[in-house]
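New to this one? Here is a quick briefing to read alongside the sequence and the model.

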Amino acid sequence: MSGFSKPWGFGPIVLGLAATVGVIAAATAVPSAQAPASAAGAATAGKPAGPAAGVSTGKPTAPAVGAMAGKPAAATTASVKPVTFTKDVAPLLQRSCQNCHRPDQAAPMSLMTYEDARPYARSIKAKTTARLMPPWHIERNIGIQKFKDDPSLTDEEVATIAAWVDQGAPKGDMKDMPPPRKFDDDDIWHIGKPDLIVEIPQNHVVPAAGPDVFIDYIADSGLTEDRYVQAVETKPGPGARTVMHHLLTYLIQDVDQEEKLVGVDDVRGGTTETFLNEYAVGKNGDILPEGTGKLMKAGSKVRFNIHYHSSGRETTDRSRVALKFYPKGYKPKYHQISLQIAHADNQLDLPAGVVSRSDGYYRFDKPVHITAIQAHMHNLGKRMCLEAILPTNTTQQLNCMGWDFNWHKVYNYADDVSPILPAGTVLHSILWHDNTAANRANPDPRNWRGYGQRTIDEMAFAWITWSNLEDADYKAMLAERQKRNSN
Ligand code: HEC
């Protein structure tokens with residue numbers, strides 16, 4: 001089904017797709033973007049550059065600060081009016097940064113007080129303007145924009161931070177300072193009392209200093225009968241948050257016909273791996289919608305995909321995932337499916353010094369409700385766009401996202417915008433790899449790269465969480481959505 005058997009540079013992409021249009025701009029903007037710290041940074045930072053945003057959204061374009069399309073007024077006003085830490089900046093740091101930037105969490109410094117933040121003012125401006133912080137790589141000028149747990153800053157908020165720094169990072173009046181944000185106790189399971197907790201099979205000791213470690217642990221779940229997962233939450237062992245850069249869990253189990261559904265894409269040597277859960281600071285775990293479950297089979301295993309980062313203090317981790325099940329014998333109507341699909345792996349051909357495009361496709365045989373999306377590439381990964389090709393042969397833009405191998409992020413759609421698509425829809429993934437020297441994550445831009453399992457090889461696919469719907473429910477959900485949105 002592959003329409004693009006050859007990897008493309010940016011030149012030849014002149015199809016009339018919104019996604020494609022956005023991409024050309026990103027590509028052309030990258031060389032001039034201010035030293036992005038990562039591939040994802042390049043993609044996201046490059047995006048503002050104007051014309052594409054205008055073309056794809058139909059709005060007029062705005063040159064501007066770190067401006068995403070169309071909001072020059074706010075940026076200008078913000079840079080003129082006096083901005084202080086206590087009044088304007090502290091609320092933003094509380095909402096979008098302190099989850100990680102507080103004592104005993106993964107970020108390198110605290111941003112709780114003025115005294116904490118002041119020495120980092122310039123760096124804060126640089127990272128927020130380039131949209132490297134908070135780590136959130138959904139592009140803002142294209143596709144669906146409502147997600148759960150979205151910490152990202154609006155264009156106005158980015159401009160406010162920049163204006164604060166430009167004005168000398170003043171403190172302001174302490175009576176403007178919002179009360180400190182309260183954080184949950186790290187030991188709480190937000191999903192309630194778990195029925196099963198699975199841990200990595202051994203303690204992992206992260207030395208006080210050392211290179212970042214990317215590691216997979218596979219643990220037996222110990223489950224002796226098939227059960228349906230109702231809620232799931234993943235977290236580092238007690239006291240190990242400071243070394244936890246990212247942590248994701250996946251289920252490994254033989255999957256029967258009912259679960260496997262369509263295609264051979266999802267089979268990995270007899271076992272199938274599905275995404276289970278992402279740990280992210282401040283996230284409350286995943287509680288599946290009533291009537292929706294994920295089958296966890298007797299004898300299943302759990303893979304923990306972990307990025308450890310030394311914190312200056314030797315730290316021992318025993319990461320774990322907690323599961324709550326539906327009552328025995330209860331069979332949820334809808335199965336939550338999370339699979340690697342729309343692979344472009346087999347066409348990865350990434351010449352040295354070039355940004356290459358690859359395409360993957362996956363056909364949904366039933367109507368579907370998509371609830372979460374994730375990209376997967378390695379160090380050369382730069383950006384992924386997803387669009388739905390409907391049976392009517394029109395396309396619907398889902399999202400574009402930057403990629404940074406340091407942050408394996410899962411994006412959960414807000415309930416009122418998660419895509420509901422008809423049977424026969426083809427998911428089209430478009431993935432870009434940057435094998436040039438401009439990609440700072442590139443270990444060696446002189447080498448050709450292709451597909452493989454090693455970290456220095458490349459991959460290219462989408463990781464999608466969805467439910468297959470019965471026709472009647474599909475129609476009902478769609479009707480309800482349309483009614484709600486027209487109010
Ligand atoms: C999900 C956790 C997380 C969130 C949320 C987050 N950061 Fe970070 N931040 C990190 C980590 C981890 C690093 C260390 C660099 C890296 O690994 O990417 C970092 C690095 C930084 C740095 C560079 C520090 C240096 O050494 O100069 C700055 C500045 C920064 N963050 C600012 C912010 C601001 C401002 C926000 C909110 C608008 C924010 N971060 C939100 C995790 C986070």
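Sorted by class, the shell around the ligand holds 13 nonpolar, 7 polar and 1 charged residues. Keep in mind that this is a predicted model. Here is what else to look for, starting with that shell and moving on to one helix and then the whole chain.

**Around the ligand**
- Out of the 21 residues around the ligand, the ones that come nearest are Cys97, Cys100, Ala107, Met133 and Pro134.
- Helix α7, which covers residues 121-129, gives the most to this shell, with 4 residues.

**Helix α8**
- Helix α8 runs over residues 155-166, and at 1.5 Å a residue its 12 residues should span 16 Å. The C-alpha atoms at its ends are 16 Å apart, so the expected span and the model agree.
- Is α8 enclosed by the rest of the structure or not, and why? Largely enclosed, because 9 of its 12 residues are buried.
- A residue counts as buried here if 20 or more other C-beta atoms lie within 10 Å of its own.
- The buried residues of α8 are Asp155, Val158, Ala159, Thr160, Ile161, Ala162, Ala163, Trp164 and Val165.
- Just after α8, have a look at glycine 168, which takes a positive phi of about 90°.

**The whole chain**
- The chain has 10 helices and 23 strands.
- Of its 487 residues, 44% are buried.
- Take the contacts between residues at least 6 apart in sequence: 81% of them join residues at least 24 apart.

Note on methods:
Residues numbered from 1 in each chain as written. Predicted model: local features only at pLDDT ≥ 70, side-chain atom pairs only at ≥ 80, totals over all residues. Helix = DSSP H or I, 4+ residues; strand = E, 2+ residues; numbered from the N terminus. Expected span 1.5 Å × (residues − 1). Near = placed C-beta within 6 Å. Nonpolar A, V, L, I, M, F, W, Y, C, P; charged D, E, K, R; others polar. Contact = placed C-beta atoms within 7 Å.
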